[in-house]
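Welcome! Let us take a walk through a protein structure together, stopping at a few places where side chains meet.

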Amino acid sequence: LADEFRLLDDRNWLPGLFYAFAAASLPDFLFLSPPLVAATFLPSVLRRIFRVYKQPKATSLIFDAAFWTMVASLFYPPAIFLLIAVYAGINVMRSFNFREQMVMLTAVLVPVFLAWLWYFWTDRGGDFWGVQFNGLFEMYRPDLQFDLVQTLSIVLFGLLILTTLVSYGAYIFRKLIQIQKCVAVLYWFLFVGGLTIFLQNDPAPTHFMLMMPSLGIFLAMSFSALGSRMIADVFHLVLLGFVFFIQFFSFFSKYL
């Protein structure tokens, strides 16, 4: 995705590397979970949004972007909030007329209807709405009791997010308008994916998986902008060591 749209100055494997790094950085991320499954659809959604730039006929791309976002929400219902990022992203990339907005609405309804049809076919039509939409809008109740592993996890994830926020100027410096728009779309997915955790009553840390496609590309852009390969390698090894310490803390704690 990063190579296709020239988001980095050079073609390399860094976006894939940092996607894997971020998606496996915390102990809670190491298991198959609904947010992880939902996140696998997001690169396809982003590709469709990026491709609508200067497209005279983009209805099929808009349909696909909304369709796959809703498919992701069938695995993890809070992913439905990413439709905000999809709508905003399309507006960033091109003018979004009424006809195309109706196409997006249709794409949102199709997966919901097909999923409900299966529930209805198995005499569980009423259960679908509760499974899919109950609990989407609840008040977040923070738990301020953290152990050392949770504290270190928050510090690590906070540093990664802070890096992407302070590097915005570097991401768009002397870049083509199309790339600047792609960066804006990635920020929309990053913010919506992260901030919607406050709409969950008892959110799991795996909710942050929705941020990983954007975060992986941003970290790759940050490391590419360092200039010195040696400095980049040192930073990468420090981050990797921090992650290993968190992952194997139960082992290290015996010697602390």
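Before the first stop, here is a term to keep in mind: a polar contact is a pair of N or O atoms within 3.5 Å, where within protein one atom must be able to donate a hydrogen and the other to accept it, and residues adjacent in sequence count only if both atoms are side-chain atoms. This is a predicted model, so local features need pLDDT of at least 70 and side-chain atom pairs count only at pLDDT 80 or more, while totals for chains, interfaces and linings use all residues. Residues are numbered from 1 along each chain as its sequence is written, and side-chain values use heavy atoms, with hydrogens and water left out.

Let us begin with Arg94. Arg94 sits in the loop between helix H5 (82-93) and helix H6 (98-121); helices here are DSSP runs of H or I with at least four residues, numbered from the N terminus. What does the side chain of Arg94 reach at 2.4 Å? The partner is the backbone oxygen of Gln55. The side chain of Arg94 also makes a polar contact of 2.6 Å with the side chain of Glu100. Arg94 and Glu100 form a salt bridge as well, a term for a side-chain nitrogen of Lys or Arg within 4 Å of a carboxyl oxygen of Asp or Glu. Side chains of opposite charge can pair when their charged atoms come close. Is Arg94 buried or exposed? With a relative accessible area of 14%, Arg94 is buried, because buried means under 20%, exposed means over 50% and partly exposed lies in between (1.4 Å probe, protein chains only). Glu100 is buried too.

How many salt bridges does a search of the whole structure find? The search finds three. One of them joins the side chains of Glu4 and Arg47, at 2.8 Å from N to O. Glu4 lies in the segment before helix H1 (14-23) and Arg47 in helix H3 (residues 42-51), so this pair ties together parts that are 43 residues apart in sequence. Glu4 is partly exposed, at 43% relative accessibility, and Arg47 is partly exposed at 25%. Another salt bridge brings together Arg48 and Asp64, at 3.8 Å from N to O. That pair links helix H3, which holds Arg48, to helix H4, which holds Asp64, across 16 residues.

Now look at the aromatic rings. Rings of Phe, Tyr and Trp (its six-membered ring) pair if their centres lie within 6.5 Å; planes under 30 degrees apart count as stacked, over 60 as edge-to-face and the rest as tilted. The whole structure has 22 such pairs. The rings of Tyr87 and Phe96 have centres 5.2 Å apart and planes at 55°, so they form a tilted pair. Phe128 and Phe133 are instead edge-to-face, with 6.4 Å between centres and 90° between planes. Phe128 is buried, at 2% relative accessible area, whereas Phe133 is partly exposed at 29%.

Phe128 leads us to Leu74, a residue of helix H4 (residues 59-75). Not counting residues up to four places away in sequence, Leu74 touches Pro111, Ala115, Phe128 and Gln132; contact means heavy atoms within 4.5 Å. Leu74 itself is partly exposed, at 30% relative accessibility.

Our last stop is Leu165 in helix H8. Leu165 is partly exposed, with a relative accessible area of 38%.

How values were computed: Helices (H or I, at least four residues) and strands (E, at least two) are DSSP runs, numbered from the N terminus.
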